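Please find below my comments on the model under review. They are arranged as numbered points, to be read alongside the sequence and the structure.

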Amino acid sequence: MGGDRADRCGCHPRDRGGGGSVTGPVRYGAWSKDRQGWFGGLSGWAWIRIGAAGMPMLMAAGAQRWLLALGWAPVWAVLVVLVAVPLRGRTPLRWGCDAVVRAVGAALGWSDWQSRVAAGTSRDLDEADLPGVLSGVRTHDGPPFGPLLTRPAVVADHRERTWAVVARITHPGIGLAEATTRSRMGTGLAELLEGAATTELVSAVALQVRTLPDDGAERTAWQRAHLRNEAPPLARAINAELAAVMTAAGVRHEAFVTVVVPERRIARQAREAGGGVDGRARVLQGVMGELEARLIGPVGCTSVTWLDSAGLASAIRTGFAPGDRGPLADAALDPRVTGLPMAAAGPTLAPAAERRHYAHDAWHSATCTVLLPDKGAVMGALAPVLMPTAAGERRCATVFFEPISHTKADRMVSNESMSSELATEMRRRGGFRSRATHRRDAARVEGQDVRLAQGNALVRVALAVSVTVPGTWSITEYGRRLESSVTGSGFRPLRLDLAQDAAFAAACIPLGIGLPRRRGLL
């Protein structure tokens with residue numbers, strides 16, 4: 001998706017940026033921009049474009065045609081602004097290209113989407129039918145896994161040529177955890193990502209947290225099984241009133257972990273494991289076992305459940321329609337119901353006509369990415385972003401971790417170190433003063449080089465957050481509240497205009513799709 005920014009950080013607990021010891025809050029801040037400019041914040045291609053646009057003016061000046069040179073100077077200045085000046089994450093040239101592409105898609109009807117189930121044309125209920133960037137997703141039942149011989153669903157994305165598995169996790173949270181416990185959990189997450197980078201199979205690990213209104217489905221089911229008919233009427237009335245009040249004000253938390261493996265990395269091992277979907281599933285099961293051990297151990301999760309087709313369909317459906325969780329929970333308790341088919345997991349209607357939000361069925365969602373602050377952040381700083389401001393509001397946040405191979409990381413850090421030294425030397429020779437931001441950036445590059453030499457992993461990080469409200473509510477107001485929560489947490493939001501459908505898929509649907517491939521401002 002265009003317009004967002006991924007940041008890169010070294011994956012190790014020593015990446016603290018100061019601000020406390022083990023007995024106090026630890027501030028993490030050893031990250032940098034994913035793509036550093038070759039010089040002056042611009043890439044080499046940007047400088048080539050600027051130079052090519054200025055050649056007519058230089059040639060006219062060389063031929064002493066001063067009127068032509070002066071006439072071309074404003075044109076060259078406009079081209080420089082279009083190529084080099086960022087505006088809300090994108091250059092004006094990129095904004096223009098994206099707007100034209102979106103207008104053409106809307107004119108040709110590519111933005112309007114309706115499910116085959118709603119149209120009555122679905123032939124296979126087990127085939128996923130999802131809109132937008134999720135249209136290439138297909139799911140398969142993998143071979144038996146674990147002591148209970150469950151069959152986790154294997155997600156194949158034919159557009160990106162990747163394979164993924166999704167797990168629902170339960171974590172006690174860090175709100176009441178001591179500083180040593182938080183530090184241990186942070187170290188566990190770093191070790192998990194370092195293990196993923198070492199295997200060189202996993203391309204992305206997506207962690208998604210949802211805060212949704214409590215529908216009281218579990219409590220209602222428990223009451224139906226345990227409520228005594230001979231109880232006093234007054235006690236039953238008071239209990240019903242308390243349940244209604246608490247349910248309206250209560251929220252629930254759901255967390256998912258998605259592991260994504262590209263086809264080019266898994267193909268050889270899959271052939272050795274038997275080939276086909278089952279061969280790839282067997283290779284993924286090895287990754288799943290290692291990841292589950294680290295999640296339950298150092299990270300502190302109390303349970304890890306790999307989703308089968310019915311569970312994955314339910315997770316996707318509640319991502320599009322939070323109000324459907326209650327009926328789906330009731331259906332899961334009925335042994336006569338086989339589960340939600342994958343063909344009905346998506347929305348029935350999803351027009352992508354809006355620029356700043358996404359409409360899906362009777363719901364509206366606004367999504368933005370989160371830019372990491374230069375001053376660093378403490379663990380749990382994003383908690384206000386997941387806190388709803390009104391009953392019925394749903395918040396989602398997804399963090400994408402992309403481990404970078406050691407060879408590629410070494411090349412990237414080497415190029416950044418050379419660029420940093422070149423910029424420092426040019427400022428020194430030009431007589432310019434080295435500012436604190438320049439020294440900070442140089443220290444970060446040096447710190448990444450040291451940690452990489454020590455064997456630590458380099459990880460690319462991207463974060464997307466979203467708010468979902470009923471279609472009758474003002475999504476503009478709740479989008480503003482979401483951005484206010486991000487700003488109040490010490491981060492900077494960046495609304496993904498013109499790409500809200502892809503942004504929603506990244507933030508709210510636990511399929512591991514959405515880590516930006518087009519990075520940087522140019």
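1. A residue is called buried under 20% relative accessible area, exposed over 50%, and partly exposed in between. With these limits, D124 is partly exposed because its relative accessibility is 38%. The model discussed here is a predicted one.

2. As to overall make-up, the protein chain contains 15 helices and 15 strands. Of its 522 residues, 45% are buried. The chain exposes about 26,200 Å², and carbon and sulfur atoms supply 59% of that area. Among contacts between residues at least 6 apart in sequence, 78% join residues at least 24 apart.

3. Which residues form the negative surface patch? The patch consists of D124, D126, D141 and D308. D124 is placed in the loop between α4 (116–119) and β4 (137–141).

4. A nonpolar patch also appears on the surface, formed by V100, V104, L108 and W110, which together have about 450 Å² of accessible area. V104, one of these residues, belongs to helix α3, residues 92–107. V104 counts as partly exposed because its relative accessibility is 40%.

5. Is R444 buried or exposed? R444 has a relative accessible area of 14% and is therefore buried. Its place is in helix α13, which spans residues 436–453. Leaving aside residues up to four places away in sequence, R444 touches G29, W31, D374 and R451.

6. Two backbone positions deserve a comment. D361 is not a glycine, yet has a positive phi of about 55 degrees. Most residues other than glycine have a negative phi. D361 sits in the loop between β10 (358–360) and β11 (363–371). At 28% relative accessibility, D361 is classed as partly exposed.

7. The second position is L498, another non-glycine residue with a positive phi, here of about 70 degrees. L498 is located in the loop that runs between β15 (492–495) and α15 (500–508). How is a residue in this loop classed as to burial? L498 is buried, because its relative accessible area is 18% and the limit for a buried residue is under 20%.

8. For inspection of the model, the following places may be taken together: the negative patch that includes D124, the nonpolar patch that includes V104, the contacts of R444, and the positive phi values at D361 and L498.

Conventions:
Residues numbered from 1 in each chain as written. Predicted model: local features only at pLDDT ≥ 70, side-chain atom pairs only at ≥ 80, totals over all residues. Heavy atoms only, no water. Patch = residues over 30% accessible without salt bridge, like charges linked within 9 Å, V, L, I, M, F, W, Y side chains within 5 Å. Areas by Shrake-Rupley, 256 points an atom, 1.4 Å probe, with all protein chains shown as cover. Salt bridge = Lys/Arg side-chain N within 4 Å of Asp/Glu carboxyl O. Lys, Arg positive; Asp, Glu negative; His and termini not counted. Charge placed at Lys NZ, Arg CZ, Asp CG, Glu CD. Helix = DSSP H or I, 4+ residues; strand = E, 2+ residues; numbered from the N terminus. Buried < 20%, exposed > 50% of the residue type's maximum accessible area, 1.4 Å probe, protein only. Contact = heavy atoms within 4.5 Å.
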